[in-house]
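Welcome to my notebook. I jotted these entries down while looking through the model, so feel free to follow along.

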2 protein chains.
Amino acid sequence: MTEPESGAAEAPAGTPPLTPTYEGDFVLPGNLELECGRVLENPTLHYAVYGRLNAARDNAVLVCHALTGSALVGSWWPEIFAPGAVLSIEHDFVICINMLGSCYGSTGPGSVNPATGQIYGPDFPLVSIRDNVRAQSQLLDSLGIRRLRLVLGGSIGGMQAFEWAVHDPDRVERALVIAVAPLGAMGLALNHLQRQAIQNDPDWLGGNYLSHRQPRRGLALARQIGMLSYKSAPLFEERFARNPNRNGEDPWAPMHQQGGLIGGRFDIAGYLDHQGQRFIDRFDANSYLAILRTMDTWDPLRGSDRPEEVFGRIRARLSFVGISSDWLFTAESVRQFAETIRKAGVQADYREMVSDHGHDAFLAEQVELVRLLQ
Amino acid sequence: MTEPESGAAEAPAGTPPLTPTYEGDFVLPGNLELECGRVLENPTLHYAVYGRLNAARDNAVLVCHALTGSALVGSWWPEIFAPGAVLSIEHDFVICINMLGSCYGSTGPGSVNPATGQIYGPDFPLVSIRDNVRAQSQLLDSLGIRRLRLVLGGSIGGMQAFEWAVHDPDRVERALVIAVAPLGAMGLALNHLQRQAIQNDPDWLGGNYLSHRQPRRGLALARQIGMLSYKSAPLFEERFARNPNRNGEDPWAPMHQQGGLIGGRFDIAGYLDHQGQRFIDRFDANSYLAILRTMDTWDPLRGSDRPEEVFGRIRARLSFVGISSDWLFTAESVRQFAETIRKAGVQADYREMVSDHGHDAFLAEQVELVRLLQ
């Protein structure tokens, strides 16, 4: 139960988190003009670095986090730094930047809009994946990083890694895109349900809950819907099957809940409730809604009908990883995505991680991921 | 958009509904003692019949409806009655009985509890699949039906068809069990999310909404979660892909919704919203919660650890149908279920319907289902 989930901000059980060399804020010197037409005035990027930039400045690596993750990659992806694994604190200079819209330090719905002096709240604009990349590139400039030996990420982090390769082709040597492809109708549907779960909560108050308590029940339900899509049916079956909840509840017995007589829970229900409760203590509803939109609107071909042209810009070597039991971004869709990139003349390989853990395998089975990447 | 969904109470577009020979109520002469330990006093079963019982009384067929269906099988499954199909109005006497807990005529949460003179509401007891079969058998007795040449149903209707074969082995000649197997952890999870969607709605009032308006938004969201599990990712992709909503909304544009700025919808979101809205006008939230529990608690081996003993009672010939793209009850789980039955010495065959329609294929692709069964 303590393993990380998609975009987790926590370390897996038993693996000590790494301490960043530096953690701090970068304030963009000007306005960030967004694809949606609006502007973020002097937005802040919260970031963490691990290791040191070498004299040749050729050892920089950018890690992009997933949906509800943080800049502390050494906490949620520690096995990637294990000896002989993907990254090395001794040899690499690893940067991880919190996404705009998040509640982990970068400008988001909980920040004050300088134009109004008020908290953005539900008025926070749509920040695209591309907008994030453009903001992040200013931070890299300020750190004197002209080349990235590698940019990598899973899920929405993989969307960013891919956009880096397309939009800053001269900076990126290699990109590792894990468990992601353009989001299809089923993914859009799942996000639509999560949005409604939050907005149906009477505490949401149209997003203006900020000075009150946040829509906890709605956010917990949204998280549970998300969890379904991060895990897999075989994993649930193996772990929970039809067992009654481990705290002793009986699914056949009536049980008072919120005033009505509802039966005791099965184990899977107890697990999902637990995940929902954990989540509401660490994440903000408006941030969640903001980043869902960032995810929904990612279309690497937006504004062009010529894949060869857009993807043909890439100079990096790309590696794609699909996960066999992932049903949010199926292995087949990742494989096809890699194939489309190859057809545009880009060097791109595809590997498949065989795992029952579903979409979350890149976080839940880090040792296996590292093995696949070696 | 007008095709039937799991347990639909509506006819598919273009197919005229059949008019029942008779539609009415049967009131059980005594108490129905439920597996959960409670009692329903003189419960009512609402039912419909099509065709006439012949002199030999050997042409009776029982159809069991799915989650939110009604007794009017001629309306929601008309192709099953097409010339040369599975059933014949000329030769068969077809009975379909509304499940207990439903809002389509049988005793349910909206009925008055004779013991209190009050509407059951959230106090409606858990009625198991087996309880339903026991109540239905009293109705068949009253109609003078000693043999069923066939009992059939899909989804929760298939659970009933199967229990008929186990618990009234002398009455059932053949059972057709479509798109169902014991509900696994993923199915229990999906039902758990749907329950919360309803209970999080401030209009639910602990289930005591009856004299007020029902929890419409919560019930609509529950239905949408259900729809995801009734359909398939390939079907969604083919129909909706990443298209913007067909009414012209732009997913990139801000849009006022419930007071907050939320983006325009994708087409899949517009479709799901439409399905949710249609549903709340035809179904009741407490009934939905009641039948979800009926579904959750179905365990054909309950009270025994010897499958050979329980399944060995069956004398009927069983046919199972799995649907290739069904992820609520996977084809593999249906095939394995059939295999378990066969191992208990029962005659059971398994057929697979190849369809992109997911779980709903037995309603959405009736012509193909009929072809498979012929």
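**Entry 1: a loop in chain B**

Between which strand and which helix of chain B does A179(B) lie? I looked it up in this predicted model, and A179(B) sits in the loop that joins strand 10 (174-178) to helix 4 (185-199) of chain B. I then checked the backbone and found a positive phi of about 55 degrees, although A179(B) is not a glycine. That deserved a note, as most residues other than glycine have a negative phi. Is A179(B) buried or exposed? A179(B) is buried, because its relative accessible area is 0% and the cut-off for buried is under 20%.

**Entry 2: a positive phi in chain A**

Next I turned to S155(A), which is not a glycine either but has a positive phi of about 60 degrees. I found S155(A) in the loop between strand 9 (150-154) and helix 3 (156-167) of chain A. Its relative accessible area is 6%, so S155(A) counts as buried.

**Entry 3: a residue inside a helix**

I picked N132(B) next, which belongs to helix 2 (residues 129-142) of chain B. With a relative accessible area of 0%, N132(B) is buried. Which residues does N132(B) touch, leaving out those up to four places away in sequence? I noted M99(B), L100(B), V127(B) and T294(B).

**Entry 4: a proline in a loop**

P29(B) was my next stop, in the loop between strand 1 (22-27) and strand 2 (31-33) of chain B. I wrote down a relative accessible area of 66% for P29(B), so this proline is exposed. Setting aside residues up to four places away in sequence, P29(B) touches N42(B) and Q138(B). P29(B) and Q138(B) are 109 residues apart along the chain, and I found their C-alpha atoms separated by 9.0 Å.

**Entry 5: where the two chains meet**

How many residues of chain A are in contact with chain B? I found 62 residues of chain A in contact with 61 residues of chain B. The size of an interface is often given as the accessible area lost when the parts come together, and I looked that up too. About 5,000 Å² is buried between chain A and chain B, with carbon and sulfur atoms giving 63% of that area. M186(A), R242(A) and W252(A) supply 17% of the area that chain A buries against chain B, more than any other three residues.

I went on to the kinds of contact. The rule finds 0 salt bridges across the interface of chain A and chain B, while 21 residue pairs between these chains are in polar contact.

Several elements of chain A give two or more residues to the side that touches chain B, including helix 5 (216-230), strand 11 (254-257) and helix 8 (285-296). Helix 4 of chain A gives the largest share, 11 residues. Sorting the residues on this side of chain A, I got 32 nonpolar, 17 polar and 13 charged.

**Entry 6: how the copies are related**

Last, I laid one copy on the other. A turn of 180 degrees with a shift of 0.0 Å along the axis places chain A on chain B with an RMSD of 0.0 Å. Why do I call this a two-fold axis? Because that turn and shift are the relation of such an axis. I also noted that 98% of the interface residues of chain A are interface residues in chain B as well, so the copies meet through the same surface.

Notes. Residues are numbered from 1 along each chain as its sequence is written. Chains are lettered from A and ligands numbered from 1 in the order in which they are written. This is a predicted model: local features need pLDDT of at least 70, side-chain atom pairs count only at pLDDT 80 or more; totals for chains, interfaces and linings use all residues. Side-chain values use heavy atoms; hydrogens and water are left out. Contact means heavy atoms within 4.5 Å. Buried area is the accessible area (1.4 Å probe) that two parts lose on being put together, summed over both. A salt bridge is a side-chain nitrogen of Lys or Arg within 4 Å of a carboxyl oxygen of Asp or Glu. A polar contact is a pair of N or O atoms within 3.5 Å; within protein, one must be able to donate a hydrogen and the other to accept it, and residues adjacent in sequence count only if both atoms are side-chain atoms. Helices (H or I, at least four residues) and strands (E, at least two) are DSSP runs, numbered from the N terminus. Ala, Val, Leu, Ile, Met, Phe, Trp, Tyr, Cys and Pro count as nonpolar, Asp, Glu, Lys and Arg as charged, and the others, Gly among them, as polar. Copies are superposed by least squares on the C-alpha atoms of residues with pLDDT of at least 70 in both. Buried means under 20% relative accessible area, exposed over 50%, partly exposed in between (1.4 Å probe, protein chains only).
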